[in-house]
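Colleague: I should like to go through this structure with you, beginning with the cysteines. Please give your reasoning for each answer.

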Amino acid sequence: MSHKIIVVDAFTNTPFAGNPAAVCLLPAPADEGWMRLVAREMNLAETAFLHPEADGWRLRWLTPTVEVDLCGHATLASAHILWEDGHLSHGATARFQTRSGLLTATRAADRIILDFPVKLAEPAEAPEALCHALGVRDPRWVGRNQFDYLVELADEAAVRGLTPDLGLLATLPVRGAIVTAPADPGAPYDFVSRFFAPGSGVPEDPVTGSAHCALAPYWSGKLGRTDLTGYQASLRGGTVQVQLRGDRVLLGGQAVTMMRGVLMR
């Protein structure tokens with residue numbers, strides 16, 4: 001049986017920017033081994049697999065090596081395709097049952113809004129391997145949540161200039177490392193970040209929605225505002241609008257369909 005698969009650039013309105021995700025729409029649950037092979041074949045940060053379930057969709061996210069518990073860009077890409085291909089009406093809410101519970105997506109003006117759980121990072125001792133891998137001597141702050149380390153550096157240039165030791169980062173017992181700093185004065189965003197997850201099969205993720213579930217409460221506390229704009233300063237780059245709402249964070253972004261194909265196996 002063949003299946004449609006679509007590549008979408010998420011958290012951008014510009015082709016060849018943002019974070020590419022593959023979206024595979026299925027009529028029913030698929031064999032897990034097959035999904036892992038497809039994700040490895042696509043070789044993108046995440047491939048999303050979704051099929052109808054109850055009043056929404058069951059959604060799973062796989063990197064080339066592991067299944068993850070939370071993924072923003074592939075959720076945004078999935079919602080984008082559900083609307084674009086007519087599986088949902090223009091004003092309908094996309095409802096996804098996931099390993100992180102119910103996640104929803106709505107359309108607002110020129111962007112898609114994801115409703116995700118906050119993943120608060122608590123202060124943590126910086127492992128020697130973390131600082132050594134990042135090439136950072138004196139980070140401003142280090143924290144950790146259930147997924148990642150969060151590291152604040154002095155300024156935007158320090159984040160942009162990182163050339164981490166990915167092999168050493170992969171030895172840490174976490175999904176990845178979020179590195180962030182305040183934006184330069186006059187920038188059209190409030191903070192910058194980069195995200196490295198070599199231990200999860202993603203050396204550097206271009207734009208990471210789930211990382212902003214930690215970045216939103218962190219920068220909200222420092223800047224005194226609940227509505228902020230983050231820029232992920234990877235080679236591709238992308239913008240995430242964040243709105244902190246109690247224990248939830250709204251992630252806003254755009255998406256561009258890049259490729260449509262058929263899996264023959």
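Colleague: How far is the sulfur of cysteine 213 from the closest cysteine sulfur, and which cysteine holds that sulfur?

Modeller: This is a predicted model, in which local features need pLDDT of at least 70 and side-chain atom pairs count only at pLDDT 80 or more, while totals for chains, interfaces and linings use all residues. Residues are numbered from 1 along each chain as its sequence is written, and side-chain values use heavy atoms, with hydrogens and water left out. A disulfide is a pair of cysteine sulfur atoms within 2.5 Å. The closest sulfur to that of cysteine 213 is too far for a bond, at 10 Å, in cysteine 71.

Colleague: How many disulfides does a search of the whole structure find?

Modeller: The sulfur of cysteine 213 is too far from its closest counterpart for a bond. For the whole structure, the number of disulfides found is zero.

Colleague: Is cysteine 213 buried or exposed?

Modeller: Buried means under 20% relative accessible area, exposed over 50%, and partly exposed in between, with a 1.4 Å probe and protein chains only. Cysteine 213 has a relative accessible area of 0%, so this residue is buried.

Colleague: Why is strand β12 described as largely enclosed by the rest of the structure?

Modeller: Helices (H or I, at least four residues) and strands (E, at least two) are DSSP runs, numbered from the N terminus. Strand β12 covers residues 176-182. It is largely enclosed because six of its seven residues are buried.

Colleague: In which sense does β12 pair with β13?

Modeller: Two strands pair if DSSP finds at least two bridges between them. Strand β11 (residues 148-152) pairs with β12 over five bridges in the parallel sense. With β13 (residues 191-197), β12 has six bridges, among them one that joins valine 179 to arginine 194. The sense of that pairing is antiparallel.

Colleague: How many of the twelve residues of α2 are buried?

Modeller: Helix α2 spans residues 73-84. Its buried residues include His73, His80 and Trp83. The helix is largely enclosed by the rest of the structure, because the buried residues number eleven.

Colleague: What phi does glycine 86 take?

Modeller: Glycine 86 lies just after α2. Its phi is positive, at about 80°.

Terms used: Expected span 1.5 Å × (residues − 1).
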